[in-house]
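Biologist: Before we use words such as buried or oblique, could we go through how each of them is earned?

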Amino acid sequence: MKLITILFLFFITLTNLWSKDTLDVALYGVDKKIATEKTVKTLLTNLFKKIDKLRDLELNTFFYKDKNELINDFKSKNNKFDILYTMPSLYIENYELFNKGSKNLVSLNFNNEKYIQYYLITNKKTGLNSVKDLKGKKLVLAGTDNLSKIWFDKISYESTQKSYTTYIKKEISNYSRHKKVLDIYFNKVDIAIVSKSTYEIMVDLNPTIAKNIKILKKSPAIFPYVLGIVHSSAGSSVIDEYNKFILDESNNDYISSLLNLVKLKNLENCTKSDFEETYKLYNEYLKLKNKYN
């Protein structure tokens, strides 16, 4: 029922979007192994076909490759999209712009938690004890989004007065989130950034992982995963039939199957103040970066 309530809040916003026959959905920085134009379009199409008044709505989904082009389109009065699904670093880096120009935010998550916490991990056999010991080591990042890198770079400046990029031998981002834990466990890579949830899943599967792996640092639990941003200029209408569909508990399994298309478990409605701590950390990072460069 909690999931249905969350989806209800999210899709209430969506049903207020359009006074036109087309819904334009933009994607940026999202892992194409998880969400493509096709999968997102399929998800929304399969949802809308169950609702009489939305059945004929045309969906247009597309990726942005250029961040500056996206920002310029968001600022434009003739915006090119109604909804943007993006990795959260773009939102945090343009926090005030997106908050001012958006109607609503939605957090899309792998689990039932709104916020991600990152761990910096190593095998105990490496003898690494702090960020100061990482010179010449190979780093496996948490993913393609920049927020885990920003957090790690911030603690690097705090510990060494240098960016980690000046002393890390190599960094890898295109990496299975579960495999990186195993490679640390078998001492195949030096250090890795993983989410708390990924680490705990792997420890549950193999409790000896916790005995062989050292957590060097833990981030605050403040980071989002994927964000849905509804543009403020999107049109408005209320569709009663849609609300009935979302509130009907017999639709639970169907809605869950749609979320599986993009390997997600949770959608959560957000306020524009939910990521103030993330924005604060980002600004503190910028100050350190300017101080030591």
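Modeller: Let us begin with S176, which in this predicted model has a relative accessible area of 39%.

Biologist: Why is S176 called partly exposed?

Modeller: Buried requires under 20% and exposed requires over 50%, so S176, at 39%, falls in between and is partly exposed. S176 is found in the loop between strand 7 (170-172) and helix 7 (177-185).

Biologist: What makes S219 count as buried?

Modeller: The relative accessibility of S219 is 2%, and because buried means under 20%, S219 counts as buried. S219 is found in the loop between strand 9 (213-218) and strand 10 (226-231). Leaving aside residues up to four places away in sequence, S219 touches Q117, Y118 and W151, and the side chain of S219 reaches the backbone nitrogen of Y118 at 2.7 Å.

Biologist: Why are helix 6 and helix 12 described as oblique to each other?

Modeller: The axes of helix 6 (residues 147-160) and helix 12 (residues 276-292) come within 9 Å and cross at roughly 50 degrees. Angles under 35 degrees count as roughly parallel and those from 65 to 115 as roughly perpendicular, and the crossing belongs to neither group, so the two helices are oblique. The crossing of helix 6 and helix 12 is left-handed.

Biologist: Which residues make the contact between helix 6 and helix 12?

Modeller: On helix 6 they include L147, I150 and W151, and on helix 12 they include T278, L281 and Y282. The residues of this contact divide into 9 nonpolar, 1 polar and 5 charged.

Conventions: Residues are numbered from 1 along each chain as its sequence is written. This is a predicted model: local features need pLDDT of at least 70, side-chain atom pairs count only at pLDDT 80 or more; totals for chains, interfaces and linings use all residues. Side-chain values use heavy atoms; hydrogens and water are left out. Axes are lines fitted to C-alpha atoms, for helices over the stretch in contact, and angles run from 0 to 180 degrees between N-to-C directions. Helices (H or I, at least four residues) and strands (E, at least two) are DSSP runs, numbered from the N terminus. Angles under 35 degrees count as roughly parallel, over 145 as roughly antiparallel, 65 to 115 as roughly perpendicular and the rest as oblique. A crossing is left-handed if the near helix is turned anticlockwise from the far one by less than a right angle, and right-handed if clockwise. Contact means heavy atoms within 4.5 Å. Ala, Val, Leu, Ile, Met, Phe, Trp, Tyr, Cys and Pro count as nonpolar, Asp, Glu, Lys and Arg as charged, and the others, Gly among them, as polar. Buried means under 20% relative accessible area, exposed over 50%, partly exposed in between (1.4 Å probe, protein chains only). A polar contact is a pair of N or O atoms within 3.5 Å; within protein, one must be able to donate a hydrogen and the other to accept it, and residues adjacent in sequence count only if both atoms are side-chain atoms.
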